[in-house]
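Biologist: I am new to this structure and would like to get to know one part of it properly. Please pick a single spot, look at it closely, and then show me how it fits into its surroundings.

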Amino acid sequence: MTTPNDKAVLNAIFNPLLPVGSDLPPEEDITEEEINDEPENVLKAKELEVEGVRKAEASDFSGALELFNQAVQIAPDRASCYNNRAQLMRLKGDVRGALEDLNMAITLSNGEGKAACQAFTQRGMINRLEGADDLALHDFKKAAALGGEFARSQVVLMNPYAAMCNQMLAEVIGKLRRGEYVD
């Protein structure tokens, strides 16, 4: 069983641009019956994903990518497989490949649930880094509506009025720290 601390560490590894502990939608309680009802290929894909995460933690990105590719091959309708592979691709600098996998994860999840929230957030970060702020804001709004706290904070930060207020506040605080008179 994965502890909350384990989940926070994995999120920090696979989402290095996110604050630690953010954008982790509440875990859905899964019963033993539901686990046993999953098809064999999905169970195997989950095992491969877990092992892929372990390899990524050990900086074995090639080994992790191989495992994520296998997971996608045996469970091509599982959005999580694409999310995990996209995170790794992003870390390796393959933005195009990451975006393709994120789009697939969104399609497979019908834009709903935890997998979609993670995919919209990741895609929003990539779009923001690429300077496509309109696309990023759209993705962050979608992820925020699905419960993504980090996405919600990005929507607020990307509001031009909030940005202007934050800039003015930073200037005032800077003057106060330097001992300058503030009007």
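Modeller: Happy to help: what follows starts with one charged pair and then moves outward to the rest of the chain.

A word on the model before we begin. This is a predicted model, in which local features need pLDDT of at least 70 and side-chain atom pairs count only at pLDDT 80 or more, while totals for chains, interfaces and linings use all residues. Residues are numbered from 1 along each chain as its sequence is written, and side-chain values use heavy atoms, leaving out hydrogens and water.

First, the overall layout. The protein has 10 helices and zero strands; both are DSSP runs numbered from the N terminus, a helix being H or I over at least four residues and a strand E over at least two. Of its 183 residues, 36% count as buried. Here buried means under 20% relative accessible area, exposed means over 50%, and partly exposed lies in between, using a 1.4 Å probe on protein chains only.

Now to our spot, Asp 101. Asp 101 sits in helix H6, which covers residues 95-108. With a relative accessible area of 5%, Asp 101 is buried. Its side chain meets that of Arg 85 in a salt bridge, with N to O at 2.5 Å. The term stands for a side-chain nitrogen of Lys or Arg within 4 Å of a carboxyl oxygen of Asp or Glu. Side chains of opposite charge can pair when their charged atoms come close. Because Asp 101 is in H6 and Arg 85 in helix H5, the pair ties together parts that are 16 residues apart in sequence. Arg 85 counts as buried too, at 13% relative accessibility.

What does each partner touch? Contact means heavy atoms within 4.5 Å. Setting aside neighbours within four places in sequence, Asp 101 is in contact with Tyr 82, Arg 85, Ala 86 and Met 89. Arg 85, not counting residues up to four places away, touches Leu 65, Phe 68, Asn 69, Val 72 and Asp 101.

Phe 68 and Val 72 lead us into helix H4, where both are buried, as are Gly 63, Ala 64, Leu 67 and Ala 71. An expected helix span is 1.5 Å times one less than its number of residues; the 14 residues of H4 should therefore span 20 Å, and the end C-alpha atoms are indeed 20 Å apart. UniProt, in an unreviewed entry, places the feature "repeat: TPR" at residues 45-78; such positions are given in the numbering used here, feature names are shortened, and annotations may be inferred rather than shown by experiment. The end C-alpha atoms of residues 45-78 lie 8 Å apart, and the span is 79% helix and 0% strand.

Our salt bridge has company, as the count comes to nine. Another joins Arg 128 and Asp 133, at 3.8 Å from N to O. Unlike the buried pair of Asp 101 and Arg 85, Arg 128 is partly exposed at 31% relative accessibility, and Asp 133 is also partly exposed, at 38%.

Next come the nonpolar cores. A nonpolar core is a set of buried Ala, Val, Leu, Ile, Met, Phe, Trp, Tyr and Cys residues joined through side-chain atoms within 4.5 Å. The largest one has 29 residues, and Cys 81 and Phe 140 have the most contacts inside it. Helices H3 (40-57), H4 (61-74), H5 (79-92), H6, H7 (113-129), H8 and H9 each give two or more residues to this core. H7 supplies the largest share, seven residues. Apart from it lies another core of five residues, including Phe 68, which Arg 85 touches.

Phe 140 deserves a last glance. At 0% relative accessibility, Phe 140 is buried, and among its contacts are Arg 128 and Phe 150. The structure holds one aromatic pair. The rings of Phe 140 and Phe 150 have centres 6.3 Å apart and planes at 85°, so the pair is edge-to-face. By the rule used, rings of Phe, Tyr and Trp (its six-membered ring) pair if their centres lie within 6.5 Å, with planes under 30 degrees apart counted as stacked, over 60 as edge-to-face and the rest as tilted. Phe 140 is in H8 (residues 133-145) and Phe 150 in H9 (residues 149-157), 10 residues apart.
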